[in-house]
Structures are given as C-alpha cells and as structure tokens.
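Reader: I am new to protein structures and would like to learn how to read one. Could you take me through it step by step?

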Amino acid sequence: MTLAVQLGIIVGYLLVALAVGLVAYRLSERTAEDFYLASRTFGTVVLLFTTFATLLSAFTFFAGPNVAYQAGPEYILVMGLMDGIIFAILWYVVGYKQWLLGRQHGYVTLGEMLGDRFGSRRLRGLVAAIGLLWLFPYVMLQQAGAGTALAALTDGAVPYAAGAGLITLFMILYVVVAGMRGIAWTDTLQGAFMLVMTWLSFLWVVVVLGGPGAATGTLAASDVGTEFLGLGSDFYSPQWMLSTAIVIGFGVAMFPQVNQRFFVAGSERVLKRSFALWPILCVLLFVPAFVLGSWARGLGLEMGADGNILPVILAEYTPVWFAALVIAGAMAAMMSSSDSMLLSGSSYFTRDLYRPFVDDGLTERREDTIARLVVVAFALSTFVASLYNPATLFELGEAAFSGFAQLALPVIVALYWRKTTRRGITAGIVGSQAFYLSSLFTATVPSTYAGWTAGIVGMLLGFVLTVGVSALTAPDADERRAIYFEGMRAD
Amino acid sequence: MNRLERVAWPLAALVLVALTIPWFLWGSTTVVAGFPIWLWWHVGWMLLASLVFWLFATRAWGLGIEPSERATGWGDRP
C-alpha cells in the first residue's frame, strides 16, 4: 500500500513536470539565451520560488533535520544567517550588478562576464572549468542519492543502478525539452508544495503531541535536553557557525545554477520584491523542518535505516498516505535541483569552453542544439560516475559549496574595484582554489585554523591575492576597465 | 541620497549579519511558549531583516552600483 502510494505520487509528479515542460517548450525560441535564461523574463513569484527550490530543496528536507536531530536545533540559526541574510545581501551586491551587466551585454554565464571585462579568453575558460570541477561531482552525488532513495523506498525492488538510471533519463528528457522556463515553472510548483507540506507536517505533529510546549518539554527532559535547548555546544561553536554560514552563503551565490538565476529577472521591480520577501521565505521553511528533527531526538526515535530522521517522525505521527506524500515530494525536489545543475553545467561548457576554444563563429541556433546535446553527455557521464562513486569525486562533491565560495571574493573585488587587473583576479582565483584543494587532499595544508575552516581561510587568501597582485601589476591594453561602471542603470 | 544614508545602509547590513545569531543569549536554556527564547529572537530578526530590505529597496536601491542620484520606489523608472 505504502509503496503503491509513493510510486503513484512520484510517477504523478513526473507526468505533471513533463506536461509543464511541454508547455514551456511550445513557448520557447530556438536560441541559447532562451534555453539557458528564458530570455530574462521571470516575474516575482517564479524568480522567488525557482531560486528557493534550487537552493534549498533536498537538503532542507533530509540533511537539515538530520543535523538538528544529531546536534540540536541551532542549525536553524546557521541556515537563517547563511541563506536568509548573507545570500540575500549577495543577491543585491553580486546579483543586481550581474543582472544589469547581463542585460546590457548579453552575458549568460559568470565566466563570460569576467572574460569580457578582463579581455581574456583563458580567464573565461578557467572560471567555467572550476565551475565544472565542483559541479560534476555534486550532480553525481544527487544521482547517487536518488538511486539510494528509490532503492530504500521500494525495499530493493528497484535496484540502485536502475533507480539512478531512470532518474537520469527523465532529467535528460526534461531538461532538453523544457530548458530554463520549464524548470523554473516546476520549481515554482515544487517550492510552494514543499512549504505547504512542511507546515502541514509540523502542525500535524504538534497537534498529536499536544502542543509545542509538550514536545519541547519531552526534549528538555531527555538526556540531551540542556545541550539541545541551550544556545551553543561543543558542536555549535561560534567559529563553526560563522564559518559554515559565511562560506556556504558565499558558495551558494557562485554555484552555477544559482548564479545563473541572477540573470533571469524580468525587471528591477521583480528583483526588489524577491529581495525583500526572501528572509521570510527562508525562516518559514527552516523553523518547522529543523524543529521537527530536534523533537524527534527528545521523543527517543531511532534514526531511519536510510540515514534520515524526517521519514521516521512522519511515519510515527502521521498517516501512511501523508508521510508518503512528503517523502515523494522530497525526492521530486531532489530531482529538480539536479535539472538546474545540468542546465547550468551545459551552459558553462558550451558558452565558455566550446564556443571560445573550438568554434568561435557558432550561430545562436547551433549553440542551442549543442547546449542540449551537452546536457545529455553531462548527465550520462555523471550517471556512469555515480555507479562507481569514486572517493575523490565523492569528496569533491561534498566540499562543493566551499569550493565555489573561493570564487566569490575575487569576483566581488572585480565588480567593485576598478583597479583590479587580469593578473590580480587570476592569482586570487587560482591561489584560493589551489589552497582549498590542497586542504582537502593533502596533509600538508590543515583543514581547520583555531576552529575556523579551510574554506574561510581560502576565501581570505583569494581576497588578499586579488587585491595585492592587482595593486602590484598594471592592466593590459585589452582590459575593459570601465565596463562594470558605465551605464549602470536599469532602464 | 545624503552621506549619512550611504554609510548607514552598509552598517545596517552589518548589524543584520552580526545579530542573526543572538550571541548575547549564548548558553541560555529559557523556553518561551514552547520554543527556546533564542529561536524567537531569530524569527523576529528575520522579519526585521525583511522590513529593512524592503526599506532599502524602496529608498536606496542602486546604492553603490548605479552612478548618481535617482528617484526611488517600487517601480522601474520611466
């Protein structure tokens, strides 16, 4: 019964998504800009929810409550600071400027924007290559996660490889047909669905337990009571909370599928509204989801066999069909994040590697075709990798947010400081990446510094290198130093 | 926009970041209406952040990015 309900809901979701994709396809133009950015036309609701769903989906449903279950509800504060505040500020500082530049010069990717300013094809390719280095293993992890989840859901009736394969095929079909417009539309449905389901779950559990006071009282009386309810612990040190919130907040802004959403707003008004509503949207999702995780600990529930706590608490306190609906929704959410990653990965490759280095005279129409072919190649490669799940790729995927965060400060310096030189930004990007990769894979570079993570130390290094080397070097003749400062107006 | 506002907005952003986690309640286990008091602070702070962002969007949008004085408000300027 449970299985039938869950599979029914997943299949139902896939069909709805495909229908949305087909409608989007009918509206699309056959150009790369339309495929990647829906021709920069999104309104407030779509922009807000596509960013929301892309950023938060699978993680909030599963990993967030798990952390709250294991270490306490302070994770709400870390995520609130990271996504609700830091990311919002970056949405203005990086995002609004990127949006203006994108409209003015037709940029589709971060690498393109930097390459044009610094007159450097190689810088453009470098930024794209770094993006793909972290994105590829991250997509692989999503596929592996979907395969594992389907296998767990069906008690092995759908084996891991078949589950991951099916989801890969669906994603390919969907992304190739729907492009950015279709993805954003399904994200909107999904984000709203996710928010509603989280609140219904929360309220359901609250009612069954006899109110939040009773639920928290049980937690207070348990062996972790003082540790969980008191702010801070050995796990939640100020250094760790700040490092995590800052590094991931900046990392999110440089993650290709999120960074690309900086280009897609239809107007300035849309950006303003999204910016002002963002913190409320974040807190609305984090509080109920993570509080449930920490209550589960107080209630003495055991972590589920698949390593997730949310399904356990739902199974305990809500009817089968309801729990199935939430879990299936979460799996669908996992897929929707991956769609956007495939699309942005394809744009980085086609736009910043293929076009400048292989075929400079590419027409719009042909670029659109190649972009869709690259989606297929990218998804199949990550799928094959997910079958083997090599340790190096696994580690890169897990560290992707910190890896992307290394790009943020050099980019911000370039956007706001006229004297940034090509050598400066290149040194900042290469130096911080080299440092962070070494901290991951070698013993010589430590991974923590008095409680602060290598991610944040690497960011500082990138900043110092970008500013320092820029100050010491002169710009080359083909750098366009004024381009980020002239004609910056929304109209 | 006057000089005071140019300084005040970045400062406001900094304060928003600095107090999203209520450091002054570190170690507090007080529970109010079923939730830890530090969680109530956080929820209130996020609402305040939204209000500050809204004020910024209507009054100072473009600060640090667009070159000079401009009319402000929700809309796209004519």
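Author: Let us start with chain B; please keep in mind that this is a predicted model. Read from the N terminus, the elements of chain B follow the order α-β-β-α.

Reader: How many helices and strands does chain B have?

Author: Chain B has 2 helices and 2 strands. Of its 78 residues, 40% are buried. You can also ask how far along the sequence the contacts reach: among contacts in chain B between residues at least 6 apart in sequence, 39% link residues at least 24 apart.

Reader: Now for chain A. How do I read a helix?

Author: A general idea helps here. An α-helix has 3.6 residues a turn, so residues three or four places apart point the same way. Now take helix 1 of chain A, residues 2-27. Its buried residues are V5(A), Q6(A), I10(A), L14(A), A17(A), V20(A), G21(A) and A24(A).

Reader: Which helices do the buried residues of helix 1 of chain A pack against?

Author: They pack against helix 6 (121-153), helix 7 (160-209) and helix 14 (320-357) of chain A.

Reader: What does the length of a helix tell me?

Author: Compare the span between its end C-alpha atoms with the span expected at 1.5 Å a residue. Helix 1 of chain A, with 26 residues, reaches 38 Å from its first C-alpha to its last, close to the expected 38 Å. Helix 7 of chain A reads otherwise: it has 50 residues, but its end C-alpha atoms are only 36 Å apart, short of the 74 Å that a straight helix would reach.

Reader: Where does helix 7 of chain A bend?

Author: The bend is at G179(A), and its angle is about 110°. After helix 7 of chain A comes G210(A), with a positive phi near 85°. One residue inside helix 7 of chain A is L169(A). Because its relative accessibility is 55%, and exposed means over 50%, L169(A) counts as exposed.

Reader: Which residues other than glycine have a positive phi?

Author: Two examples are A38(A), with phi near 50°, and S39(A), with phi of about 55°. A38(A) is placed in the loop between helix 2 (32-37) and helix 3 (44-71) of chain A, and S39(A) lies in the loop between helix 2 and helix 3 as well.

Reader: Are A38(A) and S39(A) buried or exposed?

Author: A38(A) has a relative accessibility of 0%, so it counts as buried. S39(A), at 26%, counts as partly exposed.

Reader: What should I look for in the core?

Author: Look for buried nonpolar residues joined through their side chains. The largest nonpolar core here has 187 residues, and those with the most contacts inside it are F52(A), F87(A), Y96(A), L114(A), F250(A), W278(A) and W295(A). Helix 4 of chain A, residues 75-105, gives the most to this core, with 20 residues.

Reader: What is W295(A) in contact with?

Author: Leaving aside neighbours within four places in sequence, W295(A) is in contact with F202(A), V205(A), V206(A), L209(A), P212(A), A215(A), T216(A), L219(A) and, from chain B, F35(B).

Reader: And how do I read two aromatic rings?

Author: A pair of aromatic rings is described by the distance of the centres and the angle of the planes. Over all chains, the structure holds 42 aromatic pairs. In one of them, the rings of F235(A) and W240(A) have centres 4.7 Å apart and planes at 45°, so this pair is tilted. F235(A) is partly exposed, with a relative accessible area of 39%, and W240(A) is partly exposed too, at 23%. F275(A) and F53(B) form a stacked pair, 4.5 Å centre to centre with 25° between the planes.

Reader: Why does the pair of F275(A) and F53(B) join two chains?

Author: F275(A) lies in helix 12 (residues 268-298) of chain A and F53(B) in helix 2 (residues 37-59) of chain B, so the pair joins two chains. F275(A) counts as buried, at 4% relative accessibility, and F53(B) counts as buried, at 4%. Ring pairs also link F275(A) and F53(B) into a cluster with Y92(A), Y96(A), W99(A), W9(B), F56(B) and W61(B).

Reader: Which charged ends sit over a ring?

Author: Two cases can be shown. The charged end of K97(A) sits over the ring of Y416(A), 4.6 Å from its centre. The charged end of R297(A) sits over the ring of Y69(A), 5.6 Å from its centre.

Conventions: Residues are numbered from 1 along each chain as its sequence is written. Chains are lettered from A and ligands numbered from 1 in the order in which they are written. This is a predicted model: local features need pLDDT of at least 70, side-chain atom pairs count only at pLDDT 80 or more; totals for chains, interfaces and linings use all residues. Side-chain values use heavy atoms; hydrogens and water are left out. A nonpolar core is a set of buried Ala, Val, Leu, Ile, Met, Phe, Trp, Tyr and Cys residues joined through side-chain atoms within 4.5 Å. Buried means under 20% relative accessible area, exposed over 50%, partly exposed in between (1.4 Å probe, protein chains only). Helices (H or I, at least four residues) and strands (E, at least two) are DSSP runs, numbered from the N terminus. Contact means heavy atoms within 4.5 Å. The expected span of a helix is 1.5 Å times one less than its number of residues. Rings of Phe, Tyr and Trp (its six-membered ring) pair if their centres lie within 6.5 Å; planes under 30 degrees apart count as stacked, over 60 as edge-to-face and the rest as tilted. A charge sits over a ring if NZ of Lys or CZ of Arg is within 6 Å of the ring centre and within 35 degrees of the ring normal. The bend at a residue is the angle between axes fitted to the seven residues ending there and the seven starting there.
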